[in-house]
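Morning, everyone. I've got one structure to walk you through today, so grab a coffee and have a look at the screen.

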Amino acid sequence: IRTATVMDATSRVTQGVTEDDTPNVNPSNVLCVTNVPEVVFKAEQARAAFEAAFRGEGSVRSFHLFSSFSRVKVVFDTTEDAVLARQRLEARGFCGDRADGGSPMHLYYSAKHAQVTSSAPQLEVPARPRAFLISPPASPPVGWEPAEESDPVINHELIEAIARMKPDDIVCELVPATNGMPSIVVE
């Protein structure tokens with residue numbers, strides 16, 4: 001036989017189990033109902049009766065139906081409501097043999113569902129711990145100094161030869177050949 005006991009204001013709950021069951025050591029305000037009959041997902045009247053069974057046991061915040069998994073997630077306002085609802089529904093045989101011959105339903109605790117206190121219609125953008133600059137590029141490393149540029153190299157002979165060129169010249173020798181160096185000719 002399963003037992004659930006709610007202890008003092010700290011909401012500590014101990015859960016006893018049978019030898020063929022796995023212990024639920026962390027009760028929460030969420031009950032997951034498995035092997036839910038298909039009619040609950042298809043017929044409005046069956047769904048209303050299913051929800052009424054839970055609403056009569058405690059303050060229910062919401063129902064989430066997962067028809068493809070044959071599961072319903074029931075979120076209560078408090079953990080104590082969920083524990084007492086599970087205890088009472090199992091004692092009443094709510095999860096016993098089904099009329100359609102299917103597997104019996106089971107009640108399990110799921111991860112705790114936090115109360116949302118924001119009145120905004122959508123999620124807020126999370127605060128960034130640090131602002132990363134994308135542009136301009138990153139600063140140079142510590143101690144880096146720009147290299148000093150040398151003066152430009154100006155070849156005065158080449159500038160003089162270009163200045164001597166005339167528009168009618170078909171071939172103009174800009175730099176004459178010297179010891180082992182070829183000449184520069186513009187055609």
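**Helix H2 and its surroundings**

Let's start in helix H2, where Arg47 and Glu51 sit four residues apart, about one turn of the helix. Before I go on, please keep in mind that this is a predicted model.

So what do Arg47 and Glu51 do with each other? They form a salt bridge, with the closest N and O atoms 3.1 Å apart. As a general point, side chains of opposite charge can pair when their charged atoms come close. Now move along to Arg55: the side chains of Glu51 and Arg55 meet in a salt bridge too, at 3.7 Å from N to O. Glu51 and Arg55 are again four residues apart in helix H2, so about one helical turn separates them. Put together, Arg47, Glu51 and Arg55 are linked in a network of salt bridges.

Is Glu51 buried or exposed? Glu51 counts as buried, because its relative accessibility is 14% and the cut-off for buried is under 20%. Its partners come out another way: Arg47 is partly exposed at 30%, and Arg55 is partly exposed at 45%.

How many salt bridges turn up over the whole structure? The search finds six. One I'd like to show you is in helix H1, where the side chains of Glu38 and Lys42 meet at 2.5 Å, N to O. Glu38 and Lys42 are four residues apart in H1, so here too the separation is about one helical turn. In general, an α-helix has 3.6 residues a turn, so residues three or four places apart point the same way. Glu38 is exposed, with a relative accessible area of 51%, and Lys42 is exposed as well, at 67%.

Now for the aromatics. A search of the whole structure finds two aromatic pairs. Phe50 and Phe54 make a tilted one, 5.2 Å centre to centre with 55° between the planes. Both are in helix H2, and being four residues apart, they are separated by about one helical turn. Phe50 is buried, with a relative accessible area of 6%, and Phe54 is buried at 0%. The other pair is Phe54 with Phe63: the ring centres are 6.2 Å apart and the planes are at 75°, so that pair is edge-to-face. Phe63 is buried, as Phe54 is. Ring pairs therefore link Phe50, Phe54 and Phe63 into a cluster.

Let's stay on Phe54 for a second. Which residues does it touch, leaving aside neighbours within four places in sequence? The list includes Leu31, Val33, Val60, Val74, Phe76, Leu89, Phe94 and Leu107. Phe54 and Arg86 are 32 residues apart in sequence, yet 9.0 Å apart in space, C-alpha to C-alpha.

That takes us over to helix H3. H3 has 13 residues and reaches 18 Å from its first C-alpha to its last, close to the 18 Å expected at 1.5 Å a residue. Its buried residues are Thr79, Glu80, Asp81, Ala82, Val83, Ala85, Arg86 and Leu89. Take Thr79: it is in helix H3, which covers residues 79-91, and it is buried with a relative accessible area of 11%. Apart from neighbours within four places in sequence, Thr79 is in contact with Pro27, Ser28, Asn29 and Lys112. Gln87 is in H3 too, but it is partly exposed, at 31%. Gln87 and Leu107 are 20 residues apart in sequence and 9.6 Å apart in space, C-alpha to C-alpha.

Two loop residues next. Most residues other than glycine have a negative phi. Asn35, however, has a positive phi near 55°. Where is it? Asn35 is in the loop between strand E3 (30-34) and helix H1 (38-42), and it counts as partly exposed at 28% relative accessibility. Ser70 also has a positive phi, about 55°, although it is not a glycine. Ser70 lies in the loop between strand E4 (60-66) and strand E5 (71-76), and it is partly exposed at 29%.

Last stop, the surface. Ile162, Met165 and Val186 make a nonpolar surface patch of about 220 Å². Of those, Ile162 lies in helix H4, residues 156-164, and is partly exposed with a relative accessible area of 48%.

That's my tour; thanks for listening.

Conventions
Residues numbered from 1 in each chain as written. Predicted model: local features only at pLDDT ≥ 70, side-chain atom pairs only at ≥ 80, totals over all residues. Heavy atoms only, no water. Buried < 20%, exposed > 50% of the residue type's maximum accessible area, 1.4 Å probe, protein only. Contact = heavy atoms within 4.5 Å. Patch = residues over 30% accessible without salt bridge, like charges linked within 9 Å, V, L, I, M, F, W, Y side chains within 5 Å. Areas by Shrake-Rupley, 256 points an atom, 1.4 Å probe, with all protein chains shown as cover. Salt bridge = Lys/Arg side-chain N within 4 Å of Asp/Glu carboxyl O. Expected span 1.5 Å × (residues − 1). Phe/Tyr/Trp six-rings, centres within 6.5 Å; stacked < 30°, edge-to-face > 60°.
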